[in-house]
Protein chains: 2
Amino acid sequence: MSLIVTGSIGIDSVEAPTGKANNVLGGSAIYFAAAASFFTPVRLVAAVGEDFPDEYLETFRGFDIDLEGLEKRVGSKTFRWSGKYHENMNVRDTLSVDLNVLAEELPPVPDGYRDSEYVFLANTDPGSQLALLEQFPNRKLAVADTMDLWISTQREKLVELIGHVDGLVLNNDEAEQLTGESNLIVAAEKICDMGPKFVVVKKGEHGALIEHDGAKVVLPAFPAKKVVDPTGAGDSFAGGMMGYLASVDDTSIAAVRKAMAYGTIIASYNIETFSLDRLKQISRTDIDKRFETYREMLAIE
Amino acid sequence: MSLIVTGSIGIDSVEAPTGKANNVLGGSAIYFAAAASFFTPVRLVAAVGEDFPDEYLETFRGFDIDLEGLEKRVGSKTFRWSGKYHENMNVRDTLSVDLNVLAEELPPVPDGYRDSEYVFLANTDPGSQLALLEQFPNRKLAVADTMDLWISTQREKLVELIGHVDGLVLNNDEAEQLTGESNLIVAAEKICDMGPKFVVVKKGEHGALIEHDGAKVVLPAFPAKKVVDPTGAGDSFAGGMMGYLASVDDTSIAAVRKAMAYGTIIASYNIETFSLDRLKQISRTDIDKRFETYREMLAIE
């Protein structure tokens, strides 16, 4: 089935105990799209500025990503973000954010994309996500990501969005912030009560949980010795998950559990390097091999 | 196979956002013993004071626990602990500790216990754990628990202990404190390099991981909506794990994975009430039913 992602593409500068990366390709939509493209072709709707390096377009072309919806906007600048990870890699500080083109009008959705059935609204303000959602009348499964900023500054709009999507993806702190509930199982139930069929709570190094039509699944992260840069882990998790679901066109709990496992595996690769460097090197065969190790790790006799 | 646990029995007072419990039965050895007794008879070596209420002995008798090694010491007082859980239940403050009988000489090990093959040294100072270990010359699997206090005050003795046991159980903060390594996978490897065949890192609401002869298994906690009191969760986890291993007399990775799953299930019951109240109500049938739900949750097709 057709899969589309809308969201940000940025130029990131990341500092971590493991090293530094300056002016590298980043942004929620590109981590998602690269991860999902291992399972199914991905349509991308995003805007960058005229400063966007051509070499990054080459990176996109290394994945199965359709670029018709990528707008290089003359007179605008690309979104930029810089951040620094603490010693334990679970906490990071944002050092600077320049919204640039993200603060301008949304990129247009190509007519050929309007029939998209699997829709992922990567993190941006909920008003924009709602406006984008409406452009996909044939959607079978629409899932949104969000962040702490929108929960605190645009709660009403966010709640409206949550009432219109089939799934919501957010991290544990955000789930607690949104519901006031520190027990994540209860928090996930409360979010489902707001409308969506399922909610995925990402717990970083501790994995992810899903509340799906009353069923609960918690999966651990893949045991990773090598963590160089956690940036994009959540987006690549979501990409692997949605990419797999679109590829099998199935949203049963069994399919969702397997999709979460694939998301877990892709994220475990993503964090091994800065930017998309590791995802550029691996193949579906690598992913399936690690997936099998993970599946066996969880198979209790 | 015969299973023995040595450790503390205490009278606890616990305050949590969910309520209060004053002067209830607690201590590492009793949580362990109660949990393990669902799988195999448990021998208990511990000392209490003359103030120890007879009604608590009745509680012990409700489980399959041999009390020959329980010493009620005249002229001594029972260990007492009081603590308060924070709003999110993952953090607690110790309000008071009265070591009492725990600060005196160790309880004697009955002659009939010296052939014990599965040995669990619940948390106490590593010198005492070493002295107890030597009393079980037929041990096939000796596992110790520890805590932050001994890592900071008796590191040398603790390292000696770790070199003499087959397995070590500790929580994530302790693993980091012991190794200086924030990546728990790497921390677990480093602890295995100190001697034991395996190390289990307990992560509270996020489950547990094991490093076992080079194999790594991470399992999530059972998704629990009802958390009344986390006291004893780690000890009941260890009890379920060791109880199962002793019952099947197998320490292969497949058996250990299943044992961790059983530990996870017992801990999920334990936290539903204060003290041992929930474990007193359930049967092996209840445990196996929840175990099956958990097994299915993790079975990726």
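In this predicted model, B:Lys225 counts as partly exposed, with a relative accessibility of 47%. The side chain of B:Lys225 meets that of A:Glu189 in a salt bridge, with a distance of 3.0 Å from N to O. Because A:Glu189 lies in helix α7 (residues 184–192) of chain A, whereas B:Lys225 lies in the loop between β14 (215–219) and α8 (233–248) of chain B, this pair joins two chains. A:Glu189, for its part, has a relative accessibility of 18% and counts as buried, since the term applies to residues under 20% relative accessible area. The pair also belongs to a network of salt bridges, in which A:Glu189, A:Glu211, A:Lys216 and B:Lys225 are linked.

The two chains are related by symmetry. Chain B can be laid on chain A by a turn of 180° and a shift of 0.0 Å along the axis, with an RMSD of 0.0 Å, and this is the relation of a two-fold axis. Of the interface residues of chain B, 100% are also interface residues in chain A, so the copies meet through the same surface.

The contact between the chains takes 33 residues from chain B and 33 residues from chain A. The area buried between them is about 2,800 Å², and carbon and sulfur atoms give 60% of this area. On the side of chain B, the residues B:His206, B:Lys225 and B:Ile300 supply 23% of the area that this chain buries against chain A, which is more than any other three residues supply. Between chain B and chain A the count is 2 salt bridges, one of them being the pair of B:Lys225 and A:Glu189 described above, and the count of residue pairs in polar contact is 14. The elements α7, β14, α9 (253–270) and α11 (284–297) of chain B each supply at least two residues of the side that touches chain A, and α11(B) gives the most to this side, with 5 residues.

Over all chains, the count comes to 40 salt bridges. In general, side chains of opposite charge can pair when their charged atoms come close. Two pairs inside chain A differ in their surroundings from one another, as their accessibilities show. The side chains of A:Arg278 and A:Glu272 meet at 2.6 Å, N to O, in a salt bridge, and both of these residues are buried. A:Glu292 forms a salt bridge with A:Arg295, in which the closest N and O atoms are 2.8 Å apart; these two residues are separated by about one helical turn, because they are 3 residues apart in helix α11 (residues 284–298) of chain A. A:Glu292 is partly exposed, with a relative accessible area of 29%, and A:Arg295 likewise counts as partly exposed, at 25% relative accessibility.

A further element of interest is helix α6 (residues 172–179) of chain B, in which B:Glu174, B:Ala175, B:Leu178 and B:Thr179 are buried. These residues cover an arc of only 115° around the axis, which puts them on the same side of α6(B). Among the elements of chain B that cover the buried residues of α6(B) are α4 (148–153), α5 (155–162), β11 (167–171), α7 (184–192) and β12 (198–202). At the start of α6(B), a side-chain oxygen of B:Asn171 reaches to within 3.0 Å of the backbone nitrogen of B:Asp173, while the residue that follows the helix is B:Gly180, whose phi is positive, near 70°.

How values were computed: Residues numbered from 1 in each chain as written. Chains lettered and ligands numbered in written order. Predicted model: local features only at pLDDT ≥ 70, side-chain atom pairs only at ≥ 80, totals over all residues. Heavy atoms only, no water. Salt bridge = Lys/Arg side-chain N within 4 Å of Asp/Glu carboxyl O. Helix = DSSP H or I, 4+ residues; strand = E, 2+ residues; numbered from the N terminus. Buried < 20%, exposed > 50% of the residue type's maximum accessible area, 1.4 Å probe, protein only. Least-squares fit on C-alpha atoms with pLDDT ≥ 70 in both. Contact = heavy atoms within 4.5 Å. Arc of directions from axis to C-beta. Polar contact = N/O pair within 3.5 Å; in protein donor to acceptor, adjacent residues only side chain to side chain. Buried area = accessible area lost by both parts, 1.4 Å probe.
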